[in-house]
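Colleague: I am new to this structure and would like a close look at a single part of it, taken slowly and with its surroundings. Could you take me through one hairpin and then outward from there?

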Amino acid sequence: MDKLTEGYGLIEGPVWDESQGLIFSDVLLGGVYLLDKSGGVSSVFEHRRGIGGMAMHEAGGLIVTGRNVSYKPFDGGETKLILDRNPDANNVGYNDLTTDRLGRIYVGSLGSSPVFDDGLGPTPGDLYFIDTDGSSKIVAKDILLTNGLAFSPDGSVLYHSDSSRKLINCYAVSESGDLGRKQEFAVVANGVPDGLVVSEDGRVWVALAGGGHGVAVFEPGGRETEMIKIPQPMCTSVCFGGENMESLFIVSGSDGSNSKTAGAIYKIDVGVAGCPVIPAKIDLPD
């Protein structure tokens, strides 16, 4: 395992872009960054804090979460609002997201902030579906702390971390984008499930935050078969990328470490390719 960079507060939202490298956010200290293929780090977007989830968009830019779901172009153009929050309906913002094969978006809302003190106690959020025409609807409810989202290789199952309940849930996915009944996929014993990805052989790779110290690997039936350790307790997310998509990028935060800037990125080659996450194809507001 290689440590590629460090010095961040809370790294989240890793996205692999074949033309650029690994894009990631720093939730606490702000900004979105690019770790290029030569190992250099540069700023993509400055200042914005709280970005927990990101996805590429086919127009050239990123879909990002936080207080809302927005599109931010790489060329520095205008940020466009995709889906706003609604505090009156226990929606104070959004966290992880993913896309399906049609470029539609699934994104979890937050009933209270897991990072910033908003004076609210633990409050469940919902799971939203954003169609290609920009319309949205709730497709699942009662997620106490929404986190990682990823599809099975054939797109028929959506996996979803509920960190506060230490659960990884799963849903059957219909062609319309609607989800079936929430089912328990796995219970996490050490730490809490955060970001997750799926490999082409159907295994689910889950970052374990809150003292988890790494990535747990689950077979499609839900049995844990492997643990990839990192030196830090706050393992926040994972992303496949690199040559042949067989490198696993593991990102971390500073919580539980001796420094407030201990967040780092690690890479390990795992010998299996990750399922590709295609760019979002939703219509952008004028």
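Modeller: Let us begin at a turn: S19 and S20 form a hairpin with four residues between the strands, and in that hairpin Gly210 takes a positive phi near 60°. Please keep in mind throughout that this is a predicted model.

The two strands of this hairpin, S19 (residues 204–209) and S20, run antiparallel and are joined by five bridges. Two of the pairings can be followed by residue: Ala207 has Val215 in S20 as its bridge partner, while Leu208 is partnered by Gly214, also in S20.

What surrounds S19 on its two sides? In a regular strand, side chains alternate between the two faces of the sheet. Both faces of S19 are covered, with Val204, Val206 and Leu208 buried on one side and Trp205, Ala207 and Ala209 buried on the other. Six of the six residues of S19 are buried, so this strand is largely enclosed by the rest of the structure. Strand S20 (residues 214–218) gives a similar reading on its own account: five of its five residues are buried, so S20 too is largely enclosed by the rest of the structure.

From the hairpin one can step along the chain in either direction. On the earlier side, S18 is joined to S19 by five bridges, and these two strands run antiparallel. Val192 stands opposite Ala209 in S19, and Ala209 is one of the residues named above as buried. The hairpin of S18 and S19 has five residues between the strands, and there Gly202 takes a positive phi near 90°.

The side chains of Asp201 and Arg203 meet in a salt bridge, at 2.9 Å from N to O. Arg203 counts as buried because its relative accessibility, 19%, is under the 20% limit used for that word. Asp201, at 39% relative accessibility, counts as partly exposed.

On the later side, S20 is joined to strand S21 (residues 224–229) by five bridges, and this pair also runs antiparallel. Here Ala216 has Met227 in S21 as its bridge partner. S20 and S21 form a hairpin with five residues between them, and Gly222 in the turn has a positive phi of about 100°. Another salt bridge brings together the side chains of Arg223 and Glu219, at 3.2 Å from N to O. Of these two residues, Arg223 is exposed, with a relative accessible area of 51%, whereas Glu219 is partly exposed, with a relative accessible area of 27%.

These pairs belong to a wider set, since side chains of opposite charge can pair when their charged atoms come close. A search of the whole structure finds 10 salt bridges. Elsewhere in the chain, Asp162 forms one with Arg165, the closest N and O atoms being 3.0 Å apart, and Asp142, Asp162 and Arg165 are linked in a network of salt bridges. Within that network, Asp162 counts as buried at 1% relative accessibility, while Arg165 is partly exposed, with a relative accessible area of 32%.

The strand that leads into our part, S18 (192–198), also takes part in a feature that draws on several strands: it is one of those that each supply at least two residues of the lining of the largest pocket, the others being S2 (11–17), S6 (54–57), S10 (93–99), S14 (146–151) and S22 (235–241). The largest share of that lining, five residues, comes from S2. About 940 Å³ of space lies in this pocket, and its lining is made up of 45 residues, among which Thr98, Thr99, Pro276, Val277 and Ile278 lie nearest its centre. By class, the lining has 25 nonpolar, 12 polar and eight charged residues.

Ile278 leads to one last place, the loop between S10 and strand S11 (105–110), where Gly103 is found. Setting aside its neighbours within four places in sequence, Gly103 is in contact with Ile278, Pro279, Ala280, Lys281 and Ile282. The C-alpha atoms of Gly103 and Ile282 are separated by 6.7 Å, although the two residues are 179 residues apart along the chain. Gly103 is buried, with a relative accessible area of 0%.

Notes. Residues are numbered from 1 along each chain as its sequence is written. This is a predicted model: local features need pLDDT of at least 70, side-chain atom pairs count only at pLDDT 80 or more; totals for chains, interfaces and linings use all residues. Side-chain values use heavy atoms; hydrogens and water are left out. On a 1 Å grid over the protein atoms alone, a cavity is a set of points where a 1.4 Å probe fits but cannot get out, and a pocket is an open set with protein on both sides within 12 Å along at least five of seven lines; lining residues have an atom within 4 Å of a point. Grid points are joined across faces, edges and corners, and a volume is the space filled by probe spheres set on the points. Ala, Val, Leu, Ile, Met, Phe, Trp, Tyr, Cys and Pro count as nonpolar, Asp, Glu, Lys and Arg as charged, and the others, Gly among them, as polar. Buried means under 20% relative accessible area, exposed over 50%, partly exposed in between (1.4 Å probe, protein chains only). Contact means heavy atoms within 4.5 Å. A salt bridge is a side-chain nitrogen of Lys or Arg within 4 Å of a carboxyl oxygen of Asp or Glu. Two strands pair if DSSP finds at least two bridges between them.
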